[in-house]
Amino acid sequence: MVDCMSNTSSSSTKTLALAALGVVYGDIGTSPLYALRECFSGHHPLAMTYSNIMGVLSLVFWALVIVVTVKYVLFIMRADNHGEGGILALLALSRSTGVRSETLKGVLALTGIFGASLFYGDGIITPAISVLSAVEGLKVVAPDLHHVTLPIAIAILVALFMFQRRGTARVGALFGPVMLVWFSTLAILGVINIVGNPGVLAALNPWYAFLFFREHGIGSLLVFGAVVLAVTGGEALYADMGHFGRKPIKVAWLGMVLPSLVLNYYGQGALLLETPEAIKNPFYLLAPEWFLWPLLILATCATVIASQSVISGVFSVTRQAVQMGFWPRMRIVHTSSREIGQIYIPLMNWLIMAAVILLILQFRTSSNIAGAYGIAVTTAMMVDTILACFVAHRLWRWPLPVVVLAGAAFFSVDSLFLFPNALKIPDGGWFPLMVAAVVMLLMFTWRKGRRFLADALGRESEPLKPFIEALAMSKPTTVPGTAVFMTSSLDRVPHALMHNLKHNKVLHQRVVFLTISTQEIPFVPEGDRIHVEDLAPGFLVIKGSYGFQESPDVPHLLEKCEPFGVIFDMMDTTFFLSREHLIPSKDPGMPRILDKIFAVMTRNAMPATSYFNIPPNRVVEMGTQIEICCPVAGYFL
């Protein structure tokens with residue numbers, strides 16, 4: 001019996017590990033297309049000498065071991081928020097550690113949102129550099145076709161983004177097997193070239209990295225700007241943990257991905273030791289001539305999969321940010337009836353596509369885009385280190401000296417990558433920083449604007465309980481049916497109710513105050529989904545809770561009220577919603593441009609009826625004008 005269960009568990013782990021190859025490791029798995037090349041022919045090229053090649057290979061290997069294996073697999077992946085990972089899950093986890101200081105909460109939010117904002121830059125750069133670097137193989141396979149590299153890359157990416165609305169459920173089943181073939185090919189090509197020069201494996205010894213540092217001094221740090229390209233995508237191990245679990249991701253990394261990557265990099269190193277001229281494209285020149293076209297096709301498929309994984313990640317991060325109140329409500333399409341993670345967000349899809357195309361047209365080659373790549377990844381890794389160390393001390397109760405020691409070690413490694421990438425800001429590194437700055441400004445403008453708006457609404461409304469008591473004393477005309485007033489504050493009278501009484505002078509037979517809250521966990525257990533409370537005869541409070549990975553559904557939520565003795569007939573229920581019209585404040589507040597940005601975001605937010613899945617023919621909207629004044633002091637905290 002035990003053996004049977006063990007075999008079943010082992011089979012499940014292998015299946016999930018195969019699936020993880022296609023979703024988790026697409027980004028880091030396509031790094032061999034350009035990483036080693038950029039070390040020697042990038043913005044700070046190195047001479048093609050034996051000591052340099054062996055030193056860089058040693059740096060690449062130990063970067064994979066320290067950053068991906070030790071930092072992410074062994075340390076950060078321990079920080080699971082009810083099984084979920086990713087920067088926003090880590091942010092929610094850090095904010096759930098009993099922090100009382102509002103300033104510290106604000107600093108944590110600022111740090112986490114900055115990391116999430118950098119991911120949007122990554123979501124633009126990864127498809128561009130991955131697909132373009134694969135298609136650039138035409139320069140080796142068919143040099144006469146090099147002039148169509150850009151049009152082909154753009155056409156592939158446009159097709160990929162247009163396909164998003166159909167969902168990835170069907171093709172997703174092929175991702176794992178395709179990437180299994182890809183990683184097997186990486187390993188085989190590497191082994192073939194290592195056999196011709198097995199001495200290259202000596203670079204596994206960190207002594208060669210030390211010799212490289214000793215020979216180049218402070219200048220050796222510049223090569224880290226290219227070495228970091230070998231670990232881009234490592235953070236995806238943590239971000240996609242909720243889809244596959246910690247064990248399958250570890251098994252896939254240690255059993256397949258890491259060995260394949262190391263073999264391929266060292267195979268490229270062996271080739272360069274024999275033929276330094278191969279630096280123009282060492283990846284494709286690993287292969288025999290008869291295999292170039294199949295390799296080009298396989299590499300293109302692998303980069304499309306890598307791009308798909310990042311695009312899906314952008315959708316996931318966006319939904320989490322909407323649920324946590326950092327983005328306006330957006331149209332979220334579920335493309336699978338079985339997988340909650342299979343979603344499509346049209347607005348983000350077209351914005352990312354436009355940005356990717358503009359990026360390719362601006363930089364034109366994968367080498368130029370590489371200058372923009374590293375800064376986003378290294379900064380995001382540093383954010384992960386900060387938040388993970390905070391969680392280790394406050395949540396896991398690790399001793400402070402241990403946390404400081406581990407954090408200092410990881411922070412030092414992150415800094416080694418960040419410094420040379422900061423030097424690349426004029427060469428393209430400005431792009432992801434600009435994207436992150438714009439995204440972060442928009443997210444905080446929305447979050448703070450909504451808070452100030454809630455405060456303004458609260459100042460203009462009455463306390464709820466005294467209001468209900470007053471209605472009991474002089475009850476207005478009552479009409480049959482149920483009125484549901486959606487509100488974010490259960491201690492104040494909803495504006496829609498005030499306006500309904502003021503203009504219609506009637507009260508429904510049953511009045512329900514409904515509030516929907518997002519918890520800082522990915523999924524709320526069904527037993528904690530709903531809470532029903534009687535306020536007074538004819539007045540009910542219903543509290544619905546969702547996780548940041550879930551989409552609210554009000555009709556479905558109200559169906560769950562039946563065990564509480566509350567039954568809803570949708571044809572006899574009217575939903576009253578308040579729509580605010582913002583007007584400029586005469587008092588000094590936040591910069592006028594931010595006032596205007598918030599107003600534009602409010603007008604273009606998805607209607608509550610669609611976001612909460614409320615039948616539009618059962619909704620009455622009550623408009624109100626609000627003068628909003630947002631103080632600049634403490635704006636981001």
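This section describes the overall dimensions of a predicted protein model and then the surroundings of selected residues.

The predicted model comprises 24 helices and 8 strands. Along the principal axes, the C-alpha atoms occupy a box of roughly 95 × 65 × 55 Å. The radius of gyration is 28 Å, which agrees with the value near 26 Å that a compact globule of 637 residues would have. Of the 637 residues, 56% are buried. Among contacts with a sequence separation of 6 or more, 84% are formed by residues 24 or more positions apart. The exposed surface amounts to about 26900 Å², and 63% of this area is supplied by carbon and sulfur atoms. The protein carries 44 positive and 40 negative charges, and the mean positions of these two sets lie 3 Å apart.

Several individual residues were then considered, beginning with two polar side chains in helices. Arg 447 forms part of helix H19, which spans residues 430–459. This arginine counts as buried because its relative accessibility is 13%, under the 20% limit. Its side chain reaches the backbone oxygen of Met 324 at a distance of 2.9 Å. When neighbours within four places in sequence are set aside, the residues in contact with Arg 447 are Arg 95, Met 324, Gly 325 and Phe 326. Met 324 therefore appears both as a contact of Arg 447 and, through its backbone oxygen, as the partner of the arginine side chain at a separation that falls within the 3.5 Å limit for a polar contact.

Gln 308 is located in helix H15, residues 292–323. With a relative accessible area of 3%, Gln 308 is likewise classed as buried, since this value is under 20%. Two polar contacts involve the side chain of Gln 308. One joins it to the side chain of Gln 164 at 2.7 Å, and the other links it to the side chain of Ser 312 at 2.8 Å.

Tyr 265 lies in helix H14, which covers residues 246–274. The relative accessibility of Tyr 265 is 1%, so this residue also counts as buried. Beyond its neighbours within four places in sequence, Tyr 265 is in contact with Ser 31, Pro 32, Ala 35, Leu 36, Leu 57, Val 60, Leu 64 and Ala 230. The C-alpha atoms of Tyr 265 and Leu 33 are separated by 9.8 Å, although the two residues are 232 positions apart along the chain.

A contrasting environment is found at Pro 151, a residue of helix H8 (residues 149–163). Pro 151 is partly exposed because its relative accessible area of 49% falls between the limits of 20% and 50%. Pro 151 and Leu 110 are 41 residues apart in sequence, and their C-alpha atoms are 39 Å apart in space.

Helix H21 extends over residues 495–503. Its buried residues include His 495, Ala 496 and Leu 497, together with His 499, Asn 500 and Leu 501. Just after helix H21, Lys 505 adopts a positive phi of about 55°.

Terms used:
Residues are numbered from 1 along each chain as its sequence is written. This is a predicted model: local features need pLDDT of at least 70, side-chain atom pairs count only at pLDDT 80 or more; totals for chains, interfaces and linings use all residues. Side-chain values use heavy atoms; hydrogens and water are left out. Helices (H or I, at least four residues) and strands (E, at least two) are DSSP runs, numbered from the N terminus. Buried means under 20% relative accessible area, exposed over 50%, partly exposed in between (1.4 Å probe, protein chains only). A polar contact is a pair of N or O atoms within 3.5 Å; within protein, one must be able to donate a hydrogen and the other to accept it, and residues adjacent in sequence count only if both atoms are side-chain atoms. Contact means heavy atoms within 4.5 Å. The radius of gyration is taken over C-alpha atoms; the globule rule is 2.2 Å times the number of residues to the power 0.38. Accessible areas come from the Shrake-Rupley method with a 1.4 Å probe; for residues, only the protein chains shown count as cover. Lys and Arg count as positive and Asp and Glu as negative; His and the chain ends are not counted. The place of a charge is taken as NZ of Lys, CZ of Arg, CG of Asp or CD of Glu.
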